[in-house]
Amino acid sequence: MTIFLASFGFGLVTASVLAIAAIGFTLQFGVTDVLNLAYGAVMIAGAFIAYVVNQAGVSVWIGLVVAVVACAIGSVLLNAGIYTPFQRRGASPITMVIVSLGMTLIIEFSVQAIAGGTSVSYTMSQGPTVRAGGLVLSAVQFVVIGLSMLVMTGTHVLLRYTKLGKSMRATAANKTLARNCGIRTGQVITITWALTGALCGLAGVVFAIDAGSFDATATDLFLVLILAAVFLGGPGQAYGAMLGAVVIGLATEISAAYITPDYKYVIAFLALLVMLGVRPTGLLGASQ
Amino acid sequence: MNSYYVINLLIYAAVDAMACLGLNQQFGVAGVTNFGFIIFQAAGGYAAAILALPNQSANGGFQSYIGGWNLPFPLPWIGAAVVGGLIALPFTFLVGRRLRGDFAAVGLLVTAVLLNLLATNYKPLLDGDAGLSLIPAPLKGQGQFTLQSSGYQWAFTAGAVVLCAVTYLFVRRITASPYGRSLRAMRDNDLVADSLGKNLLAQRSAMLVTGGAIAGLSGGILVSYISTWSPAAWGYAETVVLFAAVIIGGAGNHLGAILGAVLVPVGFEEVTRYIPTSNSLPPNLIPSLEWVAIGLLIVAFLWVRPQGILPERKRVIKAAGLPPPGPASDANGSATTASQEPVASRSQPDGETILQVVGVSREFGGVRAVADVSFSVRRGTMTGLIGPNGAGKSTLLAMVAGTLPVTSGQIFYQGRDVTRLPAYRRARLGVVRTFQLASEFKRLTVMENLLSAVPGNRGDSFRGALAGRRYWRGDEAAAVARAQAMLVRFGLDGHANSYAGDLSGGQRRLVEIMRALMAEPRVLLLDEPMAGVHPILARRIGDELTALCADGLTVLMVEHELAIMDEYCDPVVAMAEGAVLAQGTMAELRSRSEVVEAYLVG
């Protein structure tokens, strides 16, 4: 039971990090129609930006804010400079994925070229530890969970109650129709890139905090978890991504406690393949 | 420049070129984006290794692996190809009709990442992270060859180059055949290829297995040469390098794939060899920048020259000795019979029901696009389907063709329940549709578009393609003659060898109708065939269809132009809000207030 509770705690933290990342990824895909595989690379770029700030002797939490802003701007530029021109030219979805894979290499290995190939860590205090039964969580981990819940609530409020959120949903459902109804879809898409880019930066820094040490290629595997969470809930579905993140986060960490940790990604991977093969629209997506 | 250097270069070039040929066959020709391609090369490498290695205890016992059969050459290489092909089978479930191509690509990418992780961490199977080493070279110590002698090295090189050449001839044979044309049609528009009778799952699976076998063989050759194989050699990003090579060389062009292999994987290896190493540079800088350069090359090429350095070759088909329209000459006997379309027998009396729709509904997320529709179509009629936008006409047509599954209800064709049959099976039975949106195969010529629809070509199967041109050229000549006659009839013979994507909107419509007719339909489902077509041409299409209906063809046609309905269609079915309002001649429909109402309101 102790081992279960301990792994449950890890699972909660992983699920929290994953939820932030997956919501960003799924909104990005849903609204802008770009399956942006460079998402993981932008995440790690954010983590390194926070590292640079942190190295200058500033708190990592200030670094987090800087990373969020930088990734928001970076994502808007990535869209305006690369993806939109390709889409405007009528590139097929598969071409877009190949372009995003090319961008993955460019961003990820530019980071590696600058940062070197070694692992780094933030200089920060984990704060006091809370124990309840076998459940052990540090103050920092509580902050990560809190941030994630804040993001989930914020997403809910945005999509359900604001005009911007409704415009985003309309654009995701049918871009042409949305434009004909007077929604400025170009603007909505740019704002979406900024918002999801911010989430991507946030996810990158909390991922790095959670991981302890990280290098430039650290998100290669985490992207698998993101994709699994996104496809489990249904691509483009924000609530699906939340559900997927909780399921995948808990499943990987709890299974890691019972089988060896080396194979904890296997569950996420199997979930992803089964969803792709059986129900590509996801648990919360419309059936075909 | 010593001979070792040249040998090394040639072997790497041969191995990379083979891998690129396999990937090009999948991606460039058939449009199957396999982001997990490297898995198959890895599998071939491991297979060759454990087949050639002696039992693990006999090998010093410092590495653990399964197998170790110590088999003589060429069994390890054959095994590599077989394993590479077999390992593709579990992935075929990803490439069926159901899954978007980009989602399937993501699935394969993730598989590559995960399998690499597993191979790294699980030691008993293939020695984990450390990988296999001391893999015996082929024919080691046999005959007059001794390892490391330059004669042996040159012989190995020659073997690798010859196998690469054989691979080139093999993929070229497939691509040049009618089957290759079907693959390219699927690449250009899979939904349309499906509706013309192409089995997408079978075609894509065949390409996964073929490409997998080629990749496996290339992996087998590679490990025999370098004598080691470990997970570090086949990271997911290696697939991206091969994609870069194919895109830069020219997707769809096999010589382009070879050129790309020489320029990208081999070229990068050679160029970085000459960059001086310096202690003042941070570690990992050069390899990192190499990856950045590969990414930049991909994005830049897709932007500046998406067709690659050597673009796909246009396949010009000359219709030699084409028979004049009308009674066919006896220059080509088989063409004569083939040009009598449609195949529907004339002896059968008109008027019997050929198509029956019973209580068919279709829902999209709670909205009923088509609600409980029933009607029947009689043989030899040209039935019209009218109604305001959103009445559910196109949805209904798609359900009859099988492109869209029904939510409920049944569809009978010639008395047989076809509700559960996939579109390609219905097309083979004679139910062929056209599409509302332009749906030509863009990178096929007009002639190829027409030929792609011809059923029963002996060369339109994997085996037929391998049997070679002599096996299928008779069928092909007959099909070309038929297509040429069709082009003459519709006045498009001047454009036979133009890319369909370069035609005007009206001409593309025409290509689509001709292509559907080439499929020898008994029931032809037309979705707004006259939209955007010049009135004179529209009349010509209408007259041709009327003549074909007199010969037994049945047409069900959605059209907004009521003048066309007036002239050609009887009966006409009027739909509104997903339901059938009325059925009768146009004159009858005009007299019914609810029909007029629906049109005015809609």
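Between chain A and chain B of this predicted model, the count of salt bridges is 0. Polar contacts between chain A and chain B amount to 2 residue pairs, both at pLDDT 80 or more. The area buried between the two chains is about 3900 Å², and carbon and sulfur atoms give 80% of that area. The contact draws 44 residues from chain A and 43 residues from chain B.

On the side of chain A that touches chain B, the elements giving two or more residues are α3 (60-88), α4 (93-115), α9 (219-233) and α11 (265-278) of chain A. Among these, α4(A) gives the most, with 17 residues. Sorted by class, this side of chain A has 31 nonpolar, 9 polar and 4 charged residues.

Attention may now turn to helix α2 of chain A, which covers residues 39-55. The expected span of this helix follows from a rise of 1.5 Å a residue: its 17 residues should span 24 Å. The end C-alpha atoms of α2(A) are 24 Å apart, so the model agrees with that expectation. As for its surroundings, 14 of the 17 residues of α2(A) are buried, and the helix is therefore largely enclosed by the rest of the structure. The cut-off behind this reasoning is that a buried residue has under 20% relative accessible area. After α2(A) comes A:Gly57, whose phi is positive, near 95°.

Conventions: Residues are numbered from 1 along each chain as its sequence is written. Chains are lettered from A and ligands numbered from 1 in the order in which they are written. This is a predicted model: local features need pLDDT of at least 70, side-chain atom pairs count only at pLDDT 80 or more; totals for chains, interfaces and linings use all residues. Side-chain values use heavy atoms; hydrogens and water are left out. Contact means heavy atoms within 4.5 Å. Buried area is the accessible area (1.4 Å probe) that two parts lose on being put together, summed over both. A salt bridge is a side-chain nitrogen of Lys or Arg within 4 Å of a carboxyl oxygen of Asp or Glu. A polar contact is a pair of N or O atoms within 3.5 Å; within protein, one must be able to donate a hydrogen and the other to accept it, and residues adjacent in sequence count only if both atoms are side-chain atoms. Helices (H or I, at least four residues) and strands (E, at least two) are DSSP runs, numbered from the N terminus. Ala, Val, Leu, Ile, Met, Phe, Trp, Tyr, Cys and Pro count as nonpolar, Asp, Glu, Lys and Arg as charged, and the others, Gly among them, as polar. The expected span of a helix is 1.5 Å times one less than its number of residues. Buried means under 20% relative accessible area, exposed over 50%, partly exposed in between (1.4 Å probe, protein chains only).
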